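Student: I should like to discuss a protein model with you, taking its features one at a time. Please show me the sequence and the structure.

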Amino acid sequence: MNTPLHVKFLKTMYRLVVNNFLVVVALAVAAAVVPRTSPHEEVLALVREIRPVHCLLVLLLAAAVAKLWRMGRPKDVYLVEYGCFRPKPCFRAPFATCLEHAHLMPYLVDEESVSFAIRLLERSGLGEETCVPEAYHYMPPDRSLEASRDETELVIFSAVDEVFARSSVRPEEIDVLIVNCSIFTPTPVFADMVVNRYKLRADVQSVNLSGMGCSAGLVSVGLAKNLLQTARPGTHVLIVSTEILSSQYYVGTERAMLLPNCLFRMGAAAMILSNSSERARYRLTRLVRTVTAARDADYRCVFQEEDDKGNTGIRLSKDLATTAGHALKSNIAAFGPLVLPASEQLLVALSLLKRKLLSGRAKVRLYRPDFRTAFEHICIHAGGRGVIDEVQHGLGLSDQDVEASRMTLHRFGNTSSSSVMYELAYIEAKGMMKKGDRIWMISFGAGFDCNSVAWECVKPPADADGPWVDSIHRYPVQLPEIVKDTSDDS
């Protein structure tokens, strides 16, 4: 429903006054005081009596205070550049291929299991161009260590090559390396693989993160932020986010464990962060992480285990979307006051006060803040159609607000910790990113874990080259409506 024009006008005026309250008060005081001040000539006389040495002392004192303030505050952190892996068409897994493979899989022995897997795929929000590793194209899938290493080198090296090609940063300028992959962790680890490939310096600080699921990319940003704020100026951090699928294909019939086979697709992203604004494209403004692992249900929401036949896989709870919604609420409670304008915070405070005053007499619904007043773009982890639906409904977002998330899920599938970077690339490829625009990235991961990261655009992209270069002209696409089928609940 369209908001009436007069309501829009009143909302605009309210936000203008509340968000600029100090300016309004200052103008009001000035208007009251100015008529009572000394005449113009007397003011000039007072100015002439000020000695130059006094002016110099004031300037020196102001400079010293400014210098101390800059030294005491944490260093700003910037995103210099990023790059995403763009799979070749030979890795595509269209629905027809998935259906054929499902019928040929030796472990899917009954038609009911095959039908369930296909229905999951059709309702997932994925399109016909999502890609899986070469190992998935074999019958049965190749789950060997060699296949996983081949996939690792393909996706990680492609993403890192892309970020170095798009930026003027050279490998020898990298001071810190952070690589995250949740499940597959070989020896030597991925960080050593990157050091060896790009011949990084011997004194590079390397960190390898695992087991954190789809939230690991933004967790890595938080780690990089903490390191950069205490490092020397000009320090560069290379972050690589991926999920290696080859060895993790589930070959059982447990429905809750078949979900990852249907949702996850190959992908990777690399980012270069720095504490220098030189060559920067985005500035990191806020970062909040919420961990709800103390709750047993949340802890087991995304859980790696064996089924009753000894097949290892990831079990996704049917309450995953609800769990993500609860984690997001806790995250917003800490994140909202840091980013929302005063106009929205005032409305939240008034609704809380009203609920307290009317406690026991009437049910008062808390005001839902409009985060679109704080951000121009929102990137929700493309974990699945249900997750995006839950966040959209919980935040009161429009279809346009979640377009980047839905289209990324449709084109690339759930690429785990790298998905939010594919969404950022979509916004840029559409030409929607402007200088000064604010971006909110939201990710969810095993644990259960919710992360919110806010960026401000410093320099929009010069071109739309990236993972969407050969498909952006076809998007957005119309997604089919999905009717809930209760027979699929497990």
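Student: Are F371 and W440 buried or exposed?

Tutor: This is a predicted model, in which local features need pLDDT of at least 70 and side-chain atom pairs count only at pLDDT 80 or more, whereas totals for chains, interfaces and linings use all residues. Residues are numbered from 1 along each chain as its sequence is written, and side-chain values use heavy atoms, with hydrogens and water left out. Relative accessible area decides the class: under 20% is buried, over 50% exposed, and in between partly exposed (1.4 Å probe, protein chains only). By that criterion, F371 and W440 are both buried.

Student: How is the pair of rings of F371 and W440 classed, stacked or tilted?

Tutor: Rings of Phe, Tyr and Trp (its six-membered ring) pair if their centres lie within 6.5 Å; planes under 30 degrees apart count as stacked, over 60 as edge-to-face and the rest as tilted. The whole structure holds 14 aromatic pairs. For F371 and W440 the centres are 4.7 Å apart and the planes meet at 35°, so the pair is tilted.

Student: How many residues apart are F371 and W440?

Tutor: Helices (H or I, at least four residues) and strands (E, at least two) are DSSP runs, numbered from the N terminus. F371 belongs to the loop between α13 and β9 (377-380), while W440 is in strand β10 (residues 438-445). The pair therefore links distant parts of the chain, and the separation is 69 residues.

Student: Why is strand β4 described as largely enclosed by the rest of the structure?

Tutor: H236, L238, V240 and T242 point one way from β4, and V237, I239 and S241 point the other way. Residues on both sides are buried. Strand β4 (residues 236-242) is largely enclosed because the number of its residues that are buried is seven of the seven.

Student: Which residue of β5 stands opposite V237?

Tutor: Two strands pair if DSSP finds at least two bridges between them. Five bridges join β2 (residues 176-180) to β4 in parallel, with V179 partnered by V240. Seven bridges join β4 to β5 (residues 268-274), and these two strands run antiparallel. Opposite V237 in β5 stands L273.

Student: Which side chain makes a polar contact of 2.4 Å with that of R281?

Tutor: R281, in the loop between β5 and β6 (282-291), is buried, with a relative accessible area of 5%. A polar contact is a pair of N or O atoms within 3.5 Å; within protein, one must be able to donate a hydrogen and the other to accept it, and residues adjacent in sequence count only if both atoms are side-chain atoms. The side chain of R281 makes one such contact with that of E81, at 2.7 Å. The partner at 2.4 Å is E428.

Student: What is the relative accessible area of S416?

Tutor: S416 lies in the loop between α15 (403-412) and α16 (419-429). Although S416 is not a glycine, its phi is positive, about 65°. S416 is buried, and its relative accessible area is 1%.

Student: Which residue does a cis peptide bond join to M139?

Tutor: Most residues other than glycine have a negative phi, and most peptide bonds are trans. The bond in question has an omega of about -5°. The partner of M139 is found in the loop between α6 (111-123) and α7 (145-166), and this partner is P140.
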